[in-house]
Amino acid sequence: MVRLITHNLLACHAKGCTTNNYPLKFSNVKLALREADFNPDFLRGFLPRIEWDALVQASRERCSTTDLLKQLHHVLLETHIDEGSMTCPNCGHVYPISNGIPNMLLAEHEIG
Amino acid sequence: MSRPELQAPPEIYYGDAEASKYTNNTRIQQIQADMTYRALELLNLPPGEPAFLLDIGCGSGLSGEILDEEGYVWVGVDVAPSMLEVALEREVEGDLFLQDIGQGFGFRPGSFDGAISISVLQWLLNAETSHPTSSPPHRLARFFTTLHSALRNPSRAVLQFYPTSDDQVQLITSIAQKAGFGGGVVVDYPNSKKARKVFLCLFVGDGRAASAAQQL
Ligand SMILES: [Zn+2]
């Protein structure tokens, strides 16, 4: 399962791909929502690590300030991407997602 | 029989049959659980605080289940698809990635509060092809450099592995140091051939466990 929390941390790791390599662009995704235990302490600790532009781009959802942590919990920890792909905006490498598992393997010429 | 890492690359060795055999073996389950608890102890995270962890070579989720029980949020990577399939069947909570750690990670800097790895590093000591990028030192360097960057400062990574010689321990330690890690090796039961366990305890910064919760 890939949740948006993990996608938010993921950049392309192909050889020489060091700028504009984030966030990986989703396409043809199949989403699933799975309930998870709400853990406000975890979220508070995680907030400084979030790249907000990427999150908004990925989720296309707006967080209301009234219940920010609940909304974030839903977006980051309950939204799973089961199928689809993630494309590097810089080098174009496509990381396919199948059965909830992204394939991060590189070809020989892409290994740094 | 020779050691698994000398027989075939991990994604080949752990095919469907071996993956389920491994996961259902109660002795292996017990050893893996013991080593996971010990790794968590050495990780020295602040008690009762949530943390976001990386499980390197998560396999079928034997260690991940313990991370779930302990309330950690985690991401697991493994190069063997059959092992990840078993992890999915076992419904572990962590996000799973098909990844060759010798190719390095793409996680943004400071993503994780800590990392654990149980019985994995020895696989990196064996070259799969004659291509220069697949030589063990090359793969180890890429692994440690990108792991160092993916961890918060300060934090720790604890990696249990089965070295065959002191030279291997030396090689791994020196490459980890070059990647910026402090720390060293902890050996449990050093005098027992059977129970002996080697843990590489690596520090980012001063290695103090990072306090995850900050006031909003
Ligand atoms: Zn790229």
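The following exercises, each with a worked solution, concern a predicted model.

Residues are numbered from 1 along each chain as its sequence is written, and chains are lettered from A and ligands numbered from 1 in the order in which they are written. Because the model is predicted, local features need pLDDT of at least 70 and side-chain atom pairs count only at pLDDT 80 or more, while totals for chains, interfaces and linings use all residues; side-chain values use heavy atoms, with hydrogens and water left out.

**Exercise 1. Describe the fold elements and overall dimensions of chain A.**

Step 1: Chain A contains four helices and five strands, where helices (H or I, at least four residues) and strands (E, at least two) are DSSP runs numbered from the N terminus. Read from the N terminus, the order of these elements is β-α-β-α-α-α-β-β-β.

Step 2: Along the principal axes, the C-alpha atoms of chain A occupy a box of roughly 50 × 30 × 20 Å. The radius of gyration, taken over C-alpha atoms, is 15 Å for chain A, which agrees with the value near 13 Å for a compact globule of 112 residues; the globule rule is 2.2 Å times the number of residues to the power 0.38.

Step 3: Of the 112 residues of chain A, 49% count as buried, where buried means under 20% relative accessible area, exposed over 50% and partly exposed in between (1.4 Å probe, protein chains only).

**Exercise 2. Locate the salt bridges of R3(A) and R49(A), and state whether the partners are buried or exposed.**

Step 1: Side chains of opposite charge can pair when their charged atoms come close. A salt bridge is counted when a side-chain nitrogen of Lys or Arg lies within 4 Å of a carboxyl oxygen of Asp or Glu, and the structure holds 12 of them over all chains.

Step 2: R3(A) pairs with D95(B), with the closest N and O atoms 2.8 Å apart. This pair crosses between chains, from D95(B) in strand β3 (residues 95-98) of chain B to R3(A) in strand β1 (residues 2-3) of chain A, and both D95(B) and R3(A) are buried.

Step 3: R49(A) pairs with D113(B), the closest N and O atoms being 2.9 Å apart. Here too the pair crosses between chains, from D113(B) in strand β4 (residues 112-118) of chain B to R49(A) in the loop between α2 and α3 (52-59) of chain A. D113(B) counts as buried because its relative accessibility is 2%, and R49(A) counts as buried at 10%. A network of salt bridges links R49(A), D113(B) and R152(B).

**Exercise 3. Explain how far apart K21(B) and E18(B) lie in their helix, and how accessible each one is.**

Step 1: K21(B) and E18(B) form a salt bridge, the closest N and O atoms being 3.3 Å apart. Because they are three residues apart in helix α3 (residues 16-24) of chain B, about one helical turn separates them.

Step 2: K21(B) is exposed, with a relative accessible area of 54%, whereas E18(B) is partly exposed, at 21%.

**Exercise 4. Identify the cis peptide bonds at P23(A) and P154(B), and the backbone of N28(A).**

Step 1: Y22(A) and P23(A) are joined by a cis peptide bond with omega about -10°, and P23(A) sits in the loop between α1 (4-7) and β2 of chain A. The bond from N153(B) to P154(B) is cis as well, with omega near 0°, and P154(B) belongs to strand β5 (residues 151-161) of chain B.

Step 2: N28(A), although not a glycine, has a positive phi of about 50°; N28(A) lies in strand β2 of chain A and counts as exposed at 71% relative accessibility.
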